Amino acid sequence: MTGIVVFGAGGRAGRAVTAEALARGCTVTAVVRDPARYPDLGAEGVTVVRGDVLDAGSVAGAAAGHAGAVHAVSPFSGPEEAVGSVDPGFFMRAADALLDGLGAAGVTRLVAVGLGANLLGADGRMVMDDPVAFPPPLRPFALAHTAGLRRLRERADGPVDWVMLTPAGFLEHGGPRTGRYRVGGERLPGGKGPGGGGEGGDGNDGGGEPWLSYADLAVAVVDEIQSPVRHRTRVSVFNVRGEKEDDR
Ligand SMILES: NC(=O)c1ccc[n+]([C@@H]2O[C@H](COP(=O)([O-])OP(=O)(O)OC[C@H]3O[C@@H](n4cnc5c(N)ncnc54)[C@H](OP(=O)(O)O)[C@@H]3O)[C@@H](O)[C@H]2O)c1
């Protein structure tokens with residue numbers, strides 16, 4: 001089996017993952033709902049196919065024969081007013097369809113992109129539960145995302161070895177590719193309080209601001225496809241403004 005199948009390949013994370021994979025000499029199957037809307041996606045090494053991440057049969061058809069799959073799908077990317085139309089079960093249904101479809105196709109590695117809103121803040125609450133840190137109108141989207149993570153955990157004993165990489169802090173579209181990233185735990189990195197380092201933390205006790213470019217998120221995603229390090233778990237992925245370390 002070769003190549004990576006990317007669900008949500010027309011989006012920001014999906015495009016970054018596709019570019020990173022191509023740069024490493026991997027072939028990519030780019031899954032979008034309507035290929036006609038993405039004439040720019042086709043490139044040498046990229047096959048664009050129609051697919052729906054909510055349909056296990058569609059997932060299996062697109063994924064068969066690949067070494068790994070990436071879930072970079074989102075039903076919402078703004079504007080804020082549109083959040084009301086998000087299906088609260090979207091990420092749960094996507095998790096089920098991916099696990100079922102990949103399992104049927106014999107594809108055993110899945111890397112999913114998470115949402116920083118369900119990391120824990122310094123006060124022990126999820127970021128989404130702090131109205132100062134996270135806009136309350138977007139909470140339904142964060143809850144839907146969190147339900148998807150819960151579903152992956154509920155089904156962690158299945159044949160698909162998944163990992164969810166959760167960007168901590170600001171995820172910058174068009175930001176630079178440094179090729180580096182840190183990996184943390186359940187807590188939002190940064191700050192000297194309990195949210196910073198320690199058990200389940202990330203060692204970012206200096207309190208630097210966590211941040212990640214889509215390009216470096218893609219580096220982490222393709223690393224975890226090519227050389228899996230984390231299994232059936234969720235981690236945070238980030239860089240720290242002004243620092244140049246990489247704990248991988
Ligand atoms: N700091 C953070 O934690 C942070 C920040 C931003 C994003 N994220 C997360 O990163 C992930 C990717 O986000 P993004 O910014 O790349 O989103 P995006 O640019 O909005 O792209 C999402 C893609 O999902 C596709 N999609 C929607 N429904 C689909 C379905 N049923 N089947 C297949 N594809 C479908 C859309 O393509 P079509 O509609 O054309 O099919 C779209 O291109 C999401 O999980 C998002 O929540 C996290």
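This passage describes the ligand site, the empty spaces and two backbone details of a predicted model.

The ligand makes a good place to begin. A shell of 26 residues surrounds the ligand, and the closest of them are Ala-13, Arg-33, Tyr-38, Gly-116 and Tyr-214. Sorted by class, this shell holds 13 nonpolar, nine polar and four charged residues. Arg-33, one of the closest residues, places a polar side-chain atom 2.4 Å from an oxygen atom of the ligand. Two serines also come into the picture. Ser-77 brings a polar side-chain atom to 3.0 Å from a ligand oxygen atom, whereas for Ser-74 a polar backbone atom lies 3.2 Å from an oxygen atom of the ligand. On its own the ligand has 910 Å² of accessible area, and the protein covers 90% of that area.

Where in the protein does the ligand sit? The space that the ligand takes is the largest pocket. Two elements give two or more residues to the shell around the ligand, namely helix 1 (residues 12-23) and helix 4 (residues 139-154).

The pocket itself can be described in the same spirit. The volume of the largest pocket is about 1300 Å³, and 47 residues form its lining. Nearest the centre of this pocket lie Arg-12, Ser-74, Phe-76, Ser-77 and Phe-141. Ser-74 and Ser-77 thus appear in this central group, and each also has a polar atom listed above beside a ligand oxygen, through the backbone for Ser-74 and through the side chain for Ser-77. Helix 1, strand 2 (28-32), helix 3 (90-105), helix 4 and strand 7 (170-172) are the elements that give two or more residues to the pocket lining. Helix 1 provides the largest share of that lining, with three residues. In terms of class, the lining of the largest pocket comprises 28 nonpolar, 14 polar and five charged residues.

A second kind of space is found elsewhere in the analysis. Across the whole structure, the search finds one cavity of 30 Å³ or more. The largest cavity has a volume of about 60 Å³. Its lining is made up of His-71, Phe-91, Ala-95, Val-113, His-145, Gly-148, Leu-149, Leu-152 and Met-164. Helix 3 and helix 4 each supply at least two of these lining residues, and helix 4 gives the largest share, four residues. The cavity lining contains six nonpolar residues, three polar residues and no charged residues. Helix 4 therefore recurs in this account, as a contributor of two or more residues by the element assignment used here to the ligand shell, to the pocket lining and to the cavity lining.

Two features of the backbone complete the description. Which residues does a cis peptide bond join? The bond lies between Gly-78 and Pro-79, with omega at about -5°. Pro-79 is placed in the loop between strand 4 (68-71) and helix 3. The other feature concerns Arg-232, a residue other than glycine whose phi is positive, near 50°. Arg-232 belongs to the loop that runs between helix 5 (214-226) and strand 10 (233-240).

Terms used
Residues numbered from 1 in each chain as written. Predicted model: local features only at pLDDT ≥ 70, side-chain atom pairs only at ≥ 80, totals over all residues. Heavy atoms only, no water. Near = heavy atom within 4 Å. Polar contact = N/O pair within 3.5 Å; in protein donor to acceptor, adjacent residues only side chain to side chain. Areas by Shrake-Rupley, 256 points an atom, 1.4 Å probe, with all protein chains shown as cover. 1 Å grid on protein atoms, 1.4 Å probe; cavity = no way out; pocket = protein on both sides within 12 Å on 5 of 7 lines; lining within 4 Å. Sits in = over half its atoms within 2 Å of the grid points. Nonpolar A, V, L, I, M, F, W, Y, C, P; charged D, E, K, R; others polar. Points joined across faces, edges and corners; volume = space filled by probe spheres on them.
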